[in-house]
Amino acid sequence: MATSAGRILEDRTLPANSPWARVLQKGQTLRIIDLEGKQAVDFLCYNADDPSERYNAADTMKYAGTIFLTAGHGLYSDMGRRLLTIVEDTCGRHDTIGGCCSAESNEVRYGVKATPSCRENFLKALQPFGLGKKDVVANVNWFMNVPVGPDGAMAIVEGLSKPGDYVGLRAEMNVLAVISNCPQTRNPCNNFHPTPIRVVVSE
Ligand SMILES: [Zn+2]
């Protein structure tokens, strides 16, 4: 796969239901590749040097002027600073409002108990960095499709990503990036079939 970035620091395939986290040094890039298409990738980010500063979904949407982020938009912290810039996006449809799945919300929505979830994966990924439940905030979902109708209706529907679609993110400060490769099987966010993704970190 062609990459415009420099030396590759990590190149990893994450099966469905995998947590992942890494500190990106300022200027490094993270490319997230939806290998088979239609796979939701739940994502959080923090100032790695002071994780009390973290992604703020509402401010990110206000600055972008849209709920649908794409190349050129920034992911902003609650301190009004850009954590990451979306530098490439071959899909063009991602979600900023749907949040992550949890065992609790799966029980409320689908009547099933003790399901694997992105919230649990976030907690697993955050634990080595000394972060926990208080640090899980509203997140971005790459490749997840949550359209909003003119009457305000919203729903999680099948994603628009094709096999191999990717987003590239450039760190604008030292950033702790956190992923849950979503295990959801009870709504169309993963086309009812969670699949692997690939993450590539480059200088
Ligand atoms: Zn999920």
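Biologist: Which strands are included in what covers the buried residues of H3?

Modeller: This is a predicted model with residues numbered from 1 along each chain as its sequence is written, and side-chain values use heavy atoms, leaving out hydrogens and water. Local features need pLDDT of at least 70 and side-chain atom pairs count only at pLDDT 80 or more, while totals for chains, interfaces and linings use all residues. Helices (H or I, at least four residues) and strands (E, at least two) are DSSP runs numbered from the N terminus. Over the buried residues of H3 (under 20% relative accessible area, 1.4 Å probe, protein chains only), the cover includes strand S2 (19-24), strand S4 (41-47) and S9.

Biologist: Happy with that! Which atoms coordinate the zinc ion?

Modeller: Helix H3 covers residues 118-126, and Cys118 is among its buried residues. Donors are N, O and S atoms within 2.8 Å of the metal (3.2 Å for Na, K and Ca), and sites may look incomplete since water is not among the atoms. Along the chain the donors of the zinc ion are spaced C-x16-C-x63-C. At 2.2 to 2.3 Å, the coordinating atoms are the SG of Cys101, Cys118 and Cys182.

Biologist: How many residues apart are Cys101 and Cys182?

Modeller: Both Cys101 and Cys182 are buried. Cys101 lies in the loop between strand S6 (82-89) and helix H2 (103-110), and Cys182 in the loop between strand S9 (175-181) and strand S10 (197-202). The pair thus links distant parts of the chain, with a separation of 81 residues.

Biologist: Now the chain as a whole: what is its radius of gyration?

Modeller: The chain has three helices and ten strands, in the order β-β-β-β-α-β-β-α-α-β-β-β-β from the N terminus. For 203 residues the globule rule (2.2 Å times the number of residues to the power 0.38) gives 17 Å. The chain is as compact as a globular protein of that length, because its radius of gyration, taken over C-alpha atoms, is close to that at 16 Å.

Biologist: What share of the contacts with a separation of 6 or more comes from residues 24 or more positions apart?

Modeller: Contact means heavy atoms within 4.5 Å. Among contacts with a separation of 6 or more, the share from residues 24 or more positions apart is 75%.

Biologist: And Met154: what is its relative accessibility?

Modeller: Met154 sits in the loop between strand S7 (140-142) and strand S8 (165-171). Its class is partly exposed (between buried and exposed, the latter being over 50%), because its relative accessibility is 44%.
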